[in-house]
Amino acid sequence: MMARYTLYLAVALWLAILAGLKYLIHPPMPASVLMIYMTLSTLGILLFVAADEARFQAFLAPLKSVFEGRAPLAAQVLVLAGIPLLLGWGAWLRTAPTWDAPFEPRVVHPEPPSSFSLHGRRIETANLKNPLRLPDPVQLEKYTQEGKTIYYQNCFFCHGDALAGDGHFANAFSPIPANFRDVGTISMLQESFVFWRVATGGPGLPKGATPWLSAMPVWQNLLTEEEIWKAILYIYAGSGSTPRTWDEEAGHEKH
Amino acid sequence: MRSTDLLALALAALFAAPLSADAPQVPTEPVKPTPVAADPEAGRRLYDRYCTQCHGAEGKGDGPAAEFVYPRPRDFTLAIFKVRTTLSGQLPTDQDLFHIISEGLPGTSMPAWKKFLTENERWQLVHQVKAFDSLGLFNEEPAKERVVIGAAPEVTPALIAKGKELYQQKKCWQCHGQYGRGDGPSAQGMKDEWGFPIRPVNFTKGWRFRGGDRIEDIYRTFTTGFNGTPMPSFVDAIPAAEDRWALAAFVKSLSRPQKNAQVLKAGHITGEIPADPYAMEWEQAGFADFPLAGQIIKEPRWFKPAHDVITARALYNDKEIALLLEWDDGTQGADQVALQLPVQPAGNEKPYFILGDERRPVDIWRWNAQTGLTRATASGAARQTPRGAGNLSAQGGYRDGQYRVILRRPLKGGEGEVAFEPGGFVPIAFQLQDGDNGEEGLKMALSTWYYLLPQPPMPLSAWFWPLGIGFLALGGELWLARRMRTSARRAA
């Protein structure tokens with residue numbers, strides 16, 4: 001009956017769990033978390049097998065027949081040679097040098113400075129608002145459309161036609177350009193933060209955010225203050241996101 | 001016989017061949033009906049939101065971004081389309097337009113809109129694109145039949161060999177070059193229907209094939225041609241479908257996928273590093289691709305660089321290290337390549353990626369096809385100081401549509417240059433300029449920082465744990481097996 005397959009079922013189940021955790025879950029989990037899940041799965045399977053004496057004996061039977069020399073010679077060689085090879089290979093994967101690029105920790109959304117320089121003036125970050133985000137929809141639309149032109153003559157090569165960070169220059173850079181459609185980028189940031197990032201670019205990042213890795217230009221060298229605000233209007237409108245605001249924050253705090 | 005007579009004879013034979021051969025084998029089927037009816041208002045709204053930046057408000061391919069991209073966005077008013085399933089000169093089917101909008105065009109800035117727009121929205125855009133047809137062609141002579149592509153035959157070495165023969169016979173190399181690098185004698189100065197410059201595709205870069213790089217896609221292109229470009233349909237020249245499949249298989253065999261890496265690993269060799277860039281050792285060294293972008297930060301900003309990737313290999317021995325840099329170029333021109341390194345290593349901190357900054361200068365090794373090797377120290381684009389080449393040497397050249405340049409330096413660092421040592425990561429960045437594209441100074445394609453690593457031979461200590469654990473397990477098993485066999489025998 002099924003009893004004679006107990007060992008094989010247990011191994012198949014273990015492999016299925018491993019494959020499921022590794023390939024079916026997105027984004028992939030860190031190796032350390034996978035290790036914890038697999039340890040728990042191993043213990044679980046062993047506990048289940050050992051809970052019943054008959055089941056446990058059925059589980060051990062194929063192994064016993066190998067170790068006692070009753071199994072076919074090929075199976076004996078396969079198991080006796082296979083287990084050390086598997087363990088040795090596992091050890092190799094964990095200890096052999098891989099020569100990957102050095103790990104460089106990077107703060108993705110660093111704390112903005114209290115003030116920064118724009119065209120020779122000091123700008124206070126705290127009270128910075130987009131002066132072009134007007135209540136009049138006609139005016140707002142006009143500025144957004146102007147921002148669109150600015151975006152497609154300056155930004156889209158990297159940040160992409162659909163604002164998804166996948167422009168035709170994008171894969172020349174690491175880290176890759178920001179994807180404005182991703183909820184983890186501009187929609188969780190205030191416009192003042194975005195303005196600071198655009199105006200001061202990669203070189204304006206604090207040290208913890210690895211400014212030397214960013215290819216983001218210092219846009220105040222190429223655009224006027226008003227043009228930057230217009231482009232910001234567009235990246236929100238074009239990607240279908242809205243900036244985080246202080247009012248919302250206050251509202252949340254009141255709850 | 002004089003040579004002109006021979007030529008005339010050869011030409012006559014070439015043009016006579018299709019006539020004597022069988023009629024073109026191009027099975028077709030009726031075009032399928034369009035599944036979604038036009039909603040002009042919705043189509044216009046979607047077009048204004050997603051397409052005008054490149055294709056222009058009136059579909060003339062003259063939007064605000066048009067000047068900044070190569071190839072230029074399509075002008076819809078003449079209803080000429082490249083990627084189709086219809087015979088040469090015919091209009092595309094609605095499904096063809098839907099396919100392009102959905103999948104985008106590789107090697108251009110046209111994205112795959114299926115990621116962002118619903119099927120219904122994409123069909124509305126199909127109708128909108130057709131509405132720009134100023135000659136009314138879509139109404140007068142819509143495509144009624146589409147080419148049946150069918151299943152690709154099994155790709156065998158024999159099929160590829162046959163395709164190679166056809167590639168010679170049908171003179172594909174005249175534009176695409178003997179090695180398919182887009183470097184044929186006729187490649188230079190080509191224009192499309194609108195008079196804009198166009199380059200024959202480089203068959204080694206499958207990821208840039210406009211119509212896709214599956215063998216079925218390549219077969220379709222041979223069969224239908226690219227309307228509006230110098231790429232004709234080959235159904236008359238190669239009437240047998242089987243032969244067109246062979247050619248497609250050959251072209252596919254020329255291309256390889258891009259292989260990007262963060263680290264360029266230099267392999268260790270015991271002898272001399274070969275000076276010949278075609279030497280076996282370089283083949284064995286393995287390669288990595290480094291994608292490049294236009295330099296659009298410092299004036300003059302350069303939006304349309306000719307090159308989009310550089311391929312690099314590296315080797316080192318006990319004395320020196322050498323890099324082999326390769327890039328394809330359809331037109332030889334006077335190209336220049338540069339390798340940029342920090343003057344001093346500073347932990348993980350690196351200089352500004354465009355020619356360094358005041359605090360952290362860079363060492364730049366430049367090789368130019370006309371002027372050879374030069375070297376400079378730069379602490380910013382405007383602050384470059386030429387320096388002597390020192391122990392640095394370079395040799396390079398152009399062959400078969402490709403530049404290959406070897407840059408070589410002793411491992412030991414001298415004054416104002418980094419030292420290379422096995423296991424030590426050194427930041428590197430690449431800059432590439434195409435003489436025929438007017439690239440000089442800051443007009444260039446460039447990369448950000450990567451690493452060069454002289455990879456140490458695998459240390460003996462690396463074997464300790466794998467072998468130790470393996471043998472320990474084997475010993476344990478044998479001990480257990482022996483014990484269990486003894487007790488089993490006793491029980492019996």
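**Exercise 1. In this predicted model, find which residues Gln128(B) touches, leaving aside residues up to four places away in sequence, and decide whether Gln128(B) is buried or exposed.**

*Solution.* Begin with the place of the residue in the chain: Gln128(B) belongs to helix H5 of chain B, which covers residues 119–131. Next, list its contacts beyond the stretch of up to four places in sequence, which are Pro40(B), Gly43(B), Arg44(B) and Tyr47(B). For Arg44(B), one can go down to the atoms, since the backbone nitrogen of Arg44(B) lies 3.4 Å from a polar atom in the side chain of Gln128(B). Finally, compare the accessibility with the cut-off: buried means under 20% relative accessible area, and Gln128(B), at 8%, therefore counts as buried.

**Exercise 2. Describe how each chain is divided into domains, and state how far apart the centres of domain 1 and domain 4 of chain B lie.**

*Solution.* Take chain B to begin with, where the division gives domain 1 (32–143), domain 2 (153–254), domain 3 (263–457) and domain 4 (464–491). The C-alpha centres of domain 1 and domain 4 of chain B are 70 Å apart. Then turn to chain A, which is divided into domain 1 (2–94) and domain 2 (115–254), and whose two domain centres, taken over C-alpha atoms, are separated by 52 Å.

**Exercise 3. Characterise the contact between chain B and chain A by its residues, its buried area and its polar pairs, and say which element of chain B gives the most residues to it.**

*Solution.* Start with the residues: 63 come from chain B and 52 from chain A. The size of an interface is often expressed as the accessible area that is lost when the parts come together. Here the area buried between chain B and chain A is about 4,800 Å², and carbon and sulfur atoms give 66% of that area. Now consider the pairs across the interface, where three salt bridges are found; Lys115(B) and Asp166(A) form a salt bridge, with their closest N and O atoms 3.6 Å apart. Between the two chains, 16 residue pairs are in polar contact, both residues being at pLDDT 80 or more. Among the elements that give two or more residues to the side of chain B touching chain A are helix H2 (40–50), strand E3 (263–268) and helix H12 (464–491). H12(B) gives the most, with twelve residues. Sorted by class, this side of chain B holds 39 nonpolar, 13 polar and eleven charged residues.

**Exercise 4. Work out how Lys230(A) and Glu226(A) are placed relative to each other in helix H8 of chain A, and then trace which residues salt bridges join into one network with Glu349(B).**

*Solution.* Over all chains, the count comes to 34 salt bridges. In one of them Lys230(A) pairs with Glu226(A), the closest N and O atoms being 3.7 Å apart. Because the two residues are four residues apart in helix H8 (residues 225–239) of chain A, about one helical turn separates them. Lys230(A) is buried at 11% relative accessible area, whereas Glu226(A) is partly exposed at 44%.

For the network, move to chain B, where the side chains of Asp357(B) and Arg360(B) meet in a salt bridge at 3.3 Å, N to O, and where both of these residues are buried. Through salt bridges that share partners, Lys207(A), Glu349(B), Asp357(B), Arg359(B) and Arg360(B) are joined into one network. Within this network, Glu349(B) forms a salt bridge with Arg359(B), whose closest N and O atoms are 4.0 Å apart. Both residues lie in the loop between strands E8 and E9 of chain B, ten residues apart.

Terms used. Residues are numbered from 1 along each chain as its sequence is written. Chains are lettered from A and ligands numbered from 1 in the order in which they are written. Side-chain values use heavy atoms; hydrogens and water are left out. Domain bounds come from an automatic or database domain assignment. Buried means under 20% relative accessible area, exposed over 50%, partly exposed in between (1.4 Å probe, protein chains only). A polar contact is a pair of N or O atoms within 3.5 Å; within protein, one must be able to donate a hydrogen and the other to accept it, and residues adjacent in sequence count only if both atoms are side-chain atoms. Contact means heavy atoms within 4.5 Å. Buried area is the accessible area (1.4 Å probe) that two parts lose on being put together, summed over both. Ala, Val, Leu, Ile, Met, Phe, Trp, Tyr, Cys and Pro count as nonpolar, Asp, Glu, Lys and Arg as charged, and the others, Gly among them, as polar.
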